[in-house]
Amino acid sequence: MGRVRRRRGYPFAVSERATAAQFVPDSDDLTVLAYAAQGCRGCDLHRGATQVVFGDGPRRADLMLVGEQPGDQEDRAGTPFVGPAGRLLDRALEEAGVDRAGLYVTNAVKHFKFAQPQRGQRRIHKTPSRTEVVACRPWLIAELAAVQPEVLVLMGATAAQSLLGSGFRLTQHRGELLRLPGNDFDGAVVVSPHPSSILRGRPADRDRAFHALVADLRFAADQRGR
């Protein structure tokens with residue numbers, strides 16, 4: 001199992017600009033963390049979002065998946081990966097032979113960032129800024145410390161760069177077995193494109209991209225117990 005040593009409430013060095021840190025309780029209880037997250041004002045994203053969308057899944061899950069941010073449906077439901085990307089992820093997990101019920105699933109950013117829609121239009125997500133990602137990182141680190149997964153899967157550039165640095169390039173390291181910087185988490189790290197990138201891609205490329213996602217998830221699952 002991946003081991004996380006807690007340090008002042010979270011295991012990694014976090015910049016003073018990561019303003020959500022003051023809202024994160026010194027606890028490894030996911031229920032306590034999720035409740036506290038509802039009051040987070042660490043960045044301005046809470047102003048437009050319906051609610052915080054915290055992680056979901058069992059404590060001590062051996063596999064933890066991290067996406068970018070909640071989408072429109074997740075923002076309304078309060079649960080991660082229940083929209084179109086979540087349904088595609090469910091299909092990929094099933095094909096990879098991985099039971100989602102045994103996973104802990106979350107996002108690097110806990111509030112939905114979106115472009116202000118015109119009347120009658122749906123909300124379109126916007127990529128979180130680096131400042132917003134860093135601000136929210138203490139919540140992700142607290143979840144990681146609470147869950148202690150064997151394998152961490154970072155899906156999409158935002159998730160990967162939240163823990164591996166802004167210079168990390170996902171396409172250069174896909175299919176590799178990675179480690180987080182420092183010695184606080186000793187579990188395996190795998191990166192993969194976010195499922196939403198498949199939905200945004202050309203229809204002609206979607207089948208190939210889907211099977212590549214399945215391969216990534218199968219590779220991650222195979223690292224458990226090693």
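# A walk through the fold, starting from Trp139

Trp139 counts as buried, at 1% relative accessibility. Keep in mind as we go that the model is predicted. This tryptophan is a good place to begin our tour, for its ring has a partner. Which residue does the ring of Trp139 pair with? The partner is Phe54: the two ring centres are 6.1 Å apart and the planes stand at 90°, so the pair is edge-to-face. Phe54 is buried too, with a relative accessible area of 5%. The pair ties together distant parts of the chain, since Phe54 sits in the loop between H1 and E1 while Trp139 belongs to helix H4, 85 residues apart. A search of the whole structure finds 2 aromatic pairs, and this is one of them.

Now let us step back and look at the whole protein. It has 8 helices and 6 strands. Starting at the N terminus, the elements follow the order α-β-α-α-β-β-β-α-β-α-α-β-α-α. Of its 226 residues, 51% count as buried. If we take the contacts with a separation of 6 or more, 72% of them are between residues 24 or more positions apart.

Next comes the inside. The largest nonpolar core has 39 residues, and Trp139, Leu152 and Leu154 are the ones with the most contacts inside it. Which element gives the largest share of this core? That is H4, with 10 residues. At least two residues each come from H1, E1, H4, E5, helix H5 (157-164) and strand E6 (188-192). Leu152 gives you a feel for the packing: leaving out residues up to four places away in sequence, Leu152 touches Met64, Val66, Leu144, Leu163, Leu180, Phe185, Ala188, Val189 and Val190. Apart from the largest core lies another core, of 23 residues, which includes Val105, Phe210, Leu213 and Leu217.

Let us turn to single helices, beginning with H1, which covers residues 30-37. Its buried residues are Leu30, Leu33 and Ala37. Looking down the axis of H1, you would find these buried residues within an arc of 60°, so they line one face of the helix. They pack against strand E2 (104-107) and helix H4 (130-147). On the other side of H1, Thr31 and Tyr35 are exposed. At the start of this helix, a side-chain oxygen of Asp29 comes to within 2.8 Å of the backbone nitrogen of Thr31.

Helix H3 (residues 84-96) makes a nice second example. It has 13 residues and spans 18 Å from its first C-alpha to its last, close to the 18 Å expected at 1.5 Å a residue. Which residues of H3 are buried? They are Ala85, Gly86, Leu88, Leu89, Ala92, Leu93 and Ala96. Seen down the axis of H3, the buried residues fall within an arc of 160°, so they line one face of the helix. Their packing partners are strand E1 (63-67), strand E5 (151-155), helix H7 (195-200) and helix H8 (203-222). Just after H3, Gly97 takes a positive phi of about 80°.

We can finish with a few polar residues. Gln69 is placed in the loop between E1 and helix H2 (72-77). Is Gln69 buried or exposed? At 7% relative accessibility, Gln69 counts as buried. The side chain of Gln69 reaches the backbone nitrogen of Lys113 at 2.7 Å, and also the backbone oxygen of Lys126 at 2.9 Å. Not counting residues up to four places away in sequence, Gln69 touches Asn107, Val109, His111, Phe112, Lys113, His125, Lys126 and Pro128.

Helix H5 holds two more residues to look at. One is Ser162, which is buried with a relative accessible area of 2%. The side chain of Ser162 reaches the backbone oxygen of Ala159 at 2.6 Å. Setting aside neighbours within four places in sequence, Ser162 is in contact with Ala108, Arg130, Val133, Arg137 and Leu140. The other is Gln161. With residues up to four places away in sequence not counted, Gln161 touches Arg130, Ser166, Phe168 and Arg169. Gln161 and Arg130 are 31 residues apart in sequence, and their C-alpha atoms are 9.0 Å apart in space.

Terms used: Residues numbered from 1 in each chain as written. Predicted model: local features only at pLDDT ≥ 70, side-chain atom pairs only at ≥ 80, totals over all residues. Heavy atoms only, no water. Buried < 20%, exposed > 50% of the residue type's maximum accessible area, 1.4 Å probe, protein only. Helix = DSSP H or I, 4+ residues; strand = E, 2+ residues; numbered from the N terminus. Arc of directions from axis to C-beta. Contact = heavy atoms within 4.5 Å. Polar contact = N/O pair within 3.5 Å; in protein donor to acceptor, adjacent residues only side chain to side chain. Expected span 1.5 Å × (residues − 1). Core = buried A, V, L, I, M, F, W, Y, C linked by side-chain atoms within 4.5 Å. Phe/Tyr/Trp six-rings, centres within 6.5 Å; stacked < 30°, edge-to-face > 60°.
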